[in-house]
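The following exercises are to be worked through with the sequence and the three-dimensional structure at hand. Each task is followed by a solution in steps.

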Amino acid sequence: MTQLTWLVTGCSSGLGEEFIRGILSRGDKAIATSRGPISRIQKLKEAGASTYSLDVSAPKLEVDSIMSLIIQENGGIDVLVNNAGYVENGTLEESSRETILAQYETNLFGSIKATQALLPHFRQKRSGTVVFIGSMYGWGGLPSGLPYASSKFALEGVHESLKESVAHLGIKSIIFELGFFRTQVLHPNNFKSRISEIGDYDALRAGTAEFLQALQGNEPGDPKKGIKVMIDVVKGEGVAAGKAMPERLPLGVDALDLVRKKCEDTLAICKEWEHIINSTNFD
Ligand SMILES: NC(=O)c1ccc[n+]([C@@H]2O[C@H](COP(=O)([O-])OP(=O)(O)OC[C@H]3O[C@@H](n4cnc5c(N)ncnc54)[C@H](OP(=O)(O)O)[C@@H]3O)[C@@H](O)[C@H]2O)c1
């Protein structure tokens, strides 16, 4: 099997860390990145990864220069995994422009900047795969998590538009839409809820808090299993052997339920309203 070189963002914990361990276990080369001091991912260096400090919300020029250093020092990159992200909670009315922008700065623009920095390299070698770590909430909205859900919805559009624009250059793009996986994503240090509370949303907020409290530490998804599937899919091995790379892949029972329901609901709307939908063209 061809040995690939992977660059993963957001490797200080959770899926990023598991990605690096999974990549190394397959005999591939792994480049782990994390914001803050590089010592935070020393254990991944000891496991065999190259490590770099990269805050995906940094200015574009900074991201560009770290990425070009990484490409230069590692003899190229084959797969970029846009994994860095966090959850910013809040309804539309309670979320400030600043918190929504902060969420987009990491989850959306972070992925865009990292991808932009790598595309010239991928174009030059006429190959490369861009992986986006999306969410089931990029399919169905999240009433109490508008900044997060909308950032993941936007990532869907980035992936779909990118995929079409670079296919003729030998570059692939895929988005994985994850259900709940047991990581640090809901840990109080990471989960942000910077909102101006409005009384009319008290019940929604209380319900969300109760749901999340019960969920934290009990998320159904096993990161190791999820990572194995994602690596298989990118490499076309294991569970993905003999299959074409799908355009997207939901992961987890909860993600499948949500995606399937959205598809069925949308098809039902198309069916019920078809003659009206088709009635708006010029005669
Ligand atoms: N776990 C789930 O249930 C789930 C479901 C759907 C999607 N996802 C997505 O999966 C990805 C990974 O999350 P996770 O579940 O593994 O959670 P996690 O354990 O909290 O890991 C998130 C990682 O992203 C990093 N990060 C955050 N902001 C960053 C920035 N500006 N620059 C660089 N790194 C940054 C964090 O670094 P710090 O330690 O510095 O904060 C951390 O390493 C995220 O995109 C998340 O939205 C997760």
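**Exercise 1. Identify which residues come nearest to the ligand, and state how much of the ligand the protein buries.**

Step 1. The model is a predicted one. In it, 29 residues surround the ligand, and those that come nearest are Ser12, Arg35, Arg40, Asn83 and Thr183.

Step 2. Consider next the backbone atoms. A backbone N or O atom of Asn83 lies 2.7 Å from an oxygen atom of the ligand. For Leu15, a polar backbone atom is 2.7 Å from a ligand oxygen atom. For Val185, the distance between a polar backbone atom and an oxygen atom of the ligand is 3.5 Å.

Step 3. The ligand taken alone exposes 890 Å², of which the protein buries 95%.

**Exercise 2. Establish the strand order of the sheet and determine which strands lie at its edges.**

Step 1. The open sheet consists of 7 strands with parallel pairing, and the order is E3-E2-E1-E4-E5-E6-E7.

Step 2. Strand E3 (50-53) and strand E7 (248-251) each pair on one side only and are thus the edge strands. On average, neighbouring strands of this sheet are turned by 20° against each other, direction ignored.

Step 3. Examine one pair in detail. Strand E4 (residues 79-82) and strand E5 (residues 128-135) run parallel and are joined by 4 bridges. Leu80 stands opposite Val130 in E5.

**Exercise 3. Locate helix H8 relative to the strands, and classify Lys228 as buried, partly exposed or exposed.**

Step 1. Helix H8 (residues 223-235) lies across E1, E4, E5, E6 and E7, and runs at about 165° to E7.

Step 2. Lys228 lies in this helix, H8. Lys228 counts as partly exposed because its relative accessibility is 42%, and the partly exposed class lies between under 20% for buried and over 50% for exposed.

Step 3. Lys228 and Val63 are 165 residues apart along the chain, and their C-alpha atoms are separated by 28 Å.

**Exercise 4. Describe where Arg126 is found, what its phi value is, and how it is classed by accessibility.**

Step 1. Arg126 is found in the loop between helix H5 (109-125) and E5.

Step 2. Most residues other than glycine have a negative phi. Arg126, a residue other than glycine, has a positive phi near 55°.

Step 3. With a relative accessibility of 51%, Arg126 counts as exposed, because the cut-off for that class is over 50%.

Conventions
Residues numbered from 1 in each chain as written. Predicted model: local features only at pLDDT ≥ 70, side-chain atom pairs only at ≥ 80, totals over all residues. Heavy atoms only, no water. Pairing = 2+ DSSP bridges. Helix = DSSP H or I, 4+ residues; strand = E, 2+ residues; numbered from the N terminus. Axes fitted to C-alpha atoms, helices over the stretch in contact; angles between N-to-C directions. Contact = heavy atoms within 4.5 Å. Near = heavy atom within 4 Å. Polar contact = N/O pair within 3.5 Å; in protein donor to acceptor, adjacent residues only side chain to side chain. Areas by Shrake-Rupley, 256 points an atom, 1.4 Å probe, with all protein chains shown as cover. Buried < 20%, exposed > 50% of the residue type's maximum accessible area, 1.4 Å probe, protein only.
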